[in-house]
Amino acid sequence: MNVRAAAAKVLFEVVDQGYSLSSSLPAAQQTIRPRDHALLQEICYGALRYLPRLESIVNELMDKPLKGKQRVFHHLILVGIYQLSFMRIPAHAAVGETVEGTQDLRGPRLRGLINAVLRNYQRNQEQLDAQSISHNAGKYAHPSWLLKLLQQAYPSDWESIVEANNSKAPMWLRVNRQHHTRDEYLALLNENEIEAEIHPQAEDALRLLSPCDVMTLPGFEQGWVSVQDAAAQLSVDYLKPQDGELILDCCAAPGGKTAHILEHTQNAEVVAIDCDDNRLSRVHDNLQRLQLQAEVICGDARYPEEWWNGEKFDRILLDAPCSATGVIRRHPDIKWLRRANDIEALSALQSEILDAMWRQLKPEGTLVYATCSITPQENVEQVRAFIARTTNAQLIGSEIENPGRQILPGEENMDGFYYAVLRKTV
């Protein structure tokens, strides 16, 4: 399939039909040549990052919107404008290939319209671009509800959060210390002319200065290294797993944190649970590549009596279901798929799971509550409410006025993440 046509279909599925980019993009990649996978990803990610700006331009150029069966061609125009505005593709190639996409989308009669719209944009690009950022939606490329939330929660930092959300995410590696130390693996990268730098806190983390195909990384197939953001790698520092312990990774898919726990311990019995059987397949894949073993269970974390034998855990990592507002730079579709009322529903779910997991923890055991969110409702407010209703919960390493640690997107090149460490006193 024509790459621009494939991109238009992905945007249509995400924006109009509510599919996630992580499901639509891999399916679309199966319809194009492997050498075009990176181009398809760049177009889809970029168009979703700057969607309001592109929509504003299209609205100025079209007398009336394309609807119904023609709606996918609206997204084809977005694809064309994104290339002309943000990519280094020669303009004639961007326009020509986008117009050719009408053939694969079974709309050859719209060739003239799409060509005319894109040529019109070229002639008036400076004026249209300026107009597209004259309002907050276009300037900041965030929905109004999320922008308001960020401004209220982070009055001094919201602009830097927005900037980080609209940037390309770096590629972080997690070195498997059962094979190499971080410094040993850094030397291997240097030998292969792959530049990387260390993280000041995450002891197994290396950031590639230029992202690359994982198959070019030394020993990737042998499990020497994995791809995982540095913020997610900090989970093992807060959990502090010990040899021989019974440890639960709750809401574990795709399994990066499960594997990291196992890489840090000997003879620990690790249980990984998630309610999504499809996502659990990735846990199995990761464990197999890394040659690690864990008990993987499909179950609802709110009802552990349905999937567990009742034995209490020494440590629990609760990576709770969340709004994922801390990882927007990796998943730009989150901005357009999430709604304001999702936060309240997710907070209620997190509260249920937190209470259920607490009952599975041994006295003197440790529970780490984690999210990849930056909303106070899911993080500091959630932990405060839990401590207020739980007499045997002790907050470790922080104060109740500001419990846990909130990592903001872009901080030390990390994703947005939250951690709070809780100990069960009796």
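Right after helix α6, Arg106 takes a positive phi, near 60°. The model is a predicted one, and α6 is a handy place to start reading it. The helix runs over residues 91-104, and its 14 residues reach 21 Å from the first C-alpha to the last, close to the 20 Å expected at 1.5 Å a residue. Its buried set is made up of Ala94, Val95, Thr98, Val99, Gly101 and Thr102. Seen down the axis, these buried residues of α6 fall within an arc of 135°, so they line one face of the helix. That fits the usual geometry: an α-helix has 3.6 residues a turn, so residues three or four places apart point the same way. As for what sits over the buried residues of α6, the cover includes α1 (3-16), α5 (71-86) and α7 (111-123).

Further along comes the stretch that UniProt, in an unreviewed entry, lists as "domain: SAM-dependent MTase RsmB/NOP-type", residues 161-425. Over residues 161-425 the chain is 30% helix and 24% strand, with the end C-alpha atoms 37 Å apart.

Helix α12 (residues 182-191) can be read in the same way as α6. Here Arg182, Tyr185, Leu186, Leu188 and Leu189 are the buried residues. Around the axis they cover an arc of only 155°, which puts them on the same side of α12. This time strands turn up in the cover: what lies over the buried residues of α12 includes β1 (171-175), β2 (196-198), β3 (205-208) and β4 (225-227). Just past α12, Glu193 has a positive phi of about 60°.

Next, strand β5. It spans residues 246-250 and is mostly covered, with five of its five residues buried. Leu246, Leu248 and Cys250 point one way from β5, while Ile247 and Asp249 point the other way, and all of them are buried. β5 pairs in the parallel sense with strand β6 (residues 269-274) over five bridges. Within that pairing, Cys250 has Ile273 of β6 as its bridge partner. To get from β5 to β6 the chain passes through helix α15 (residues 256-263), and this β-α-β crossover is right-handed. β5 also pairs with strand β8 (residues 313-319), again in the parallel sense, over four bridges; there, Ile247 stands opposite Arg315 of β8.

The loop leaving β5 is where the annotation gets interesting. The unreviewed UniProt entry places the feature "binding site" at Cys251, Ala252, Ala253, Pro254, Gly255, Gly256, Lys257, Asp274, Asp300 and Asp319. Of these, Cys251 lies in the loop between β5 and α15. At 15% relative accessibility, Cys251 counts as buried, because the cut-off is 20%. Setting aside neighbours within four places in sequence, Cys251 is in contact with Ile273, Asp274, Leu318, Asp319 and Pro321. Pro254 sits in the loop between β5 and α15 too, and a cis peptide bond joins Ala253 to Pro254, with omega at about 5°.

Asp319, another of the annotated positions, is found in strand β8. With 14% relative accessibility, Asp319 counts as buried. Not counting residues up to four places away in sequence, Asp319 touches Cys250, Cys251, Lys257, Ala370 and Thr371. The contacts of Asp319 thus take in Cys251 and Lys257, both of which carry the "binding site" annotation in UniProt.

Two loop residues also deserve a look for their backbone. Gln291 is not a glycine, yet has a positive phi of about 60°. The loop holding Gln291 is the one between α16 (277-290) and β7 (295-298), and Gln291 is exposed, with a relative accessible area of 63%. Ala324, likewise a residue other than glycine, has a positive phi near 60°. Ala324 is found in the loop between β8 and α17 (334-337). Unlike the exposed Gln291, Ala324 is buried, with a relative accessible area of 12%.

Notes
Residues numbered from 1 in each chain as written. Predicted model: local features only at pLDDT ≥ 70, side-chain atom pairs only at ≥ 80, totals over all residues. Heavy atoms only, no water. Buried < 20%, exposed > 50% of the residue type's maximum accessible area, 1.4 Å probe, protein only. Pairing = 2+ DSSP bridges. Right-handed = clockwise from strand over helix to strand, strands pointing away. UniProt positions renumbered as here; feature names shortened; annotations may be inferred. Contact = heavy atoms within 4.5 Å. Expected span 1.5 Å × (residues − 1). Arc of directions from axis to C-beta.
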